Amino acid sequence: MLHRGHESTDGTGGDALAVPMAWFYAEYIADELLRTGDLMPPTSFEFRAGRDALALTVFLSDTDGELSGIRVVSQLETWLSLTAYDQPWQDWVRERMAQLATAAVAVGTPAPDLDLAADAWRWLQETELLAPDLDAVPGGGPVVGEEDGPKVWTPAWRLGLPLGHLAIHLF
């Protein structure tokens, strides 16, 4: 937001700072869904992974370019299908990010929402979290507790995506 007295009044926009409201709103929706599900502490890296994966899903699935509070409930099924286990979510994210980047370049205006989405996507890809190995088949005896099971370092999106999906179900 510009300091008072620097606003443009001639309709040209001047040096106005573009506020990434669509991304902030997508993060808010994701945060509320995860908090309602009460799946993990909001201060954990797992929560951040779930919030970022879900925020990317919400933001990138908005094909009209305007998130509407009234449509949130009607979008739950879409978000569930996008975050389902058998869907190539990461490919969809890459494709939608490329489409939005191309559109932003064509228009020639700043895209602060896309910048924040790209930061979230980069964090989800580059950050690895130690998580239970869901693909492991325990050999020999049964695993007594969750802490005793095999663990594997996994990209944050691989953990955050199922958490986001579960949070939508619990909503």
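**Figure 1. F24 on the surface of the predicted model.** F24 is partly exposed, with a relative accessible area of 38%. The model shown here and in the other views is predicted. F24 belongs to helix α1, which covers residues 21–37. Together with V19 and M21, F24 makes a nonpolar surface patch of about 280 Å². Patch members must have over 30% relative accessible area. F24, at 38%, therefore passes that cut-off.

**Figure 2. The whole chain, for orientation.** The protein has 6 helices and 2 strands. Along the sequence, these elements follow the pattern α-α-α-α-α-β-β-α. The protein has 171 residues, and 38% of them are buried.

**Figure 3. D31 and R35 in helix α1.** The side chains of D31 and R35 form a salt bridge, at 2.6 Å from N to O. Both residues sit in helix α1. They are 4 residues apart, about one turn of the helix. Are the two partners buried or partly exposed? D31 counts as buried, at 14% relative accessibility. The cut-off for buried is under 20%, so D31 falls within it. R35 is partly exposed, with a relative accessible area of 44%. In general, side chains of opposite charge can pair when their charged atoms come close. The structure holds 5 salt bridges; further examples appear in Figures 5 and 6.

**Figure 4. G37 of helix α1 and F171.** G37 is placed in helix α1. G37 is buried, with a relative accessible area of 15%. Which residue, 134 residues away along the chain, has its C-alpha atom 6.5 Å from that of G37? The partner is F171.

**Figure 5. R48, between a charge and a ring.** R48 forms a salt bridge with D52. Their closest N and O atoms are 3.4 Å apart. Both residues lie in helix α2, with their positions 4 residues apart, about one turn of the helix. D52 counts as buried, at 2% relative accessibility. R48 counts as partly exposed, at 31%. The bridge does not stand alone: salt bridges with shared partners join R48, R51 and D52 into one network. R48 also has an aromatic contact. It lies over the face of W123, at 4.0 Å from the ring centre.

**Figure 6. D119 and R122 in helix α5.** Here D119 and R122 form a salt bridge. The closest N and O atoms are 2.8 Å apart. Both residues lie in helix α5, 3 residues apart, about one turn of the helix. How accessible are the two side-chain partners? R122 is partly exposed, with a relative accessible area of 39%. D119 is partly exposed as well, at 40%.

**Figure 7. W89 and W121, an aromatic pair.** The structure holds 4 aromatic pairs. One of them joins W89 and W121 in an edge-to-face arrangement. The ring centres are 5.5 Å apart, and the planes meet at 75°. An angle over 60 degrees counts as edge-to-face, so this pair qualifies. Which helices does the pair link? W89 lies in helix α4 (residues 89–107), and W121 lies in helix α5 (residues 112–126). The two residues are 32 residues apart, and the pair links distant parts of the chain. W89 is buried, with a relative accessible area of 0%. W121 is also buried, at 7%. W89 and W121 form one aromatic cluster with W157.

**Figure 8. The largest nonpolar core.** This core has 40 residues. Which members touch the most other members? They are L56, W79, W89, V93 and L124. Seen by element, at least two residues of the core come from each of α1, α2 (45–61), α3 (72–83), α4, α5, β1 (128–132) and α6 (156–170). Helix α2 gives the most, with 9 residues. In soluble globular proteins, nonpolar side chains tend to be buried together. W89 ties this view to Figure 7: it is a member of the core and a partner of W121 in the edge-to-face pair.

Conventions. Residues are numbered from 1 along each chain as its sequence is written. This is a predicted model: local features need pLDDT of at least 70, side-chain atom pairs count only at pLDDT 80 or more; totals for chains, interfaces and linings use all residues. Side-chain values use heavy atoms; hydrogens and water are left out. Patches are made of residues with over 30% relative accessible area and no salt bridge: like charges are joined within 9 Å, nonpolar side chains (Val, Leu, Ile, Met, Phe, Trp, Tyr) within 5 Å. Accessible areas come from the Shrake-Rupley method with a 1.4 Å probe; for residues, only the protein chains shown count as cover. A salt bridge is a side-chain nitrogen of Lys or Arg within 4 Å of a carboxyl oxygen of Asp or Glu. Buried means under 20% relative accessible area, exposed over 50%, partly exposed in between (1.4 Å probe, protein chains only). Rings of Phe, Tyr and Trp (its six-membered ring) pair if their centres lie within 6.5 Å; planes under 30 degrees apart count as stacked, over 60 as edge-to-face and the rest as tilted. A charge sits over a ring if NZ of Lys or CZ of Arg is within 6 Å of the ring centre and within 35 degrees of the ring normal. A nonpolar core is a set of buried Ala, Val, Leu, Ile, Met, Phe, Trp, Tyr and Cys residues joined through side-chain atoms within 4.5 Å.
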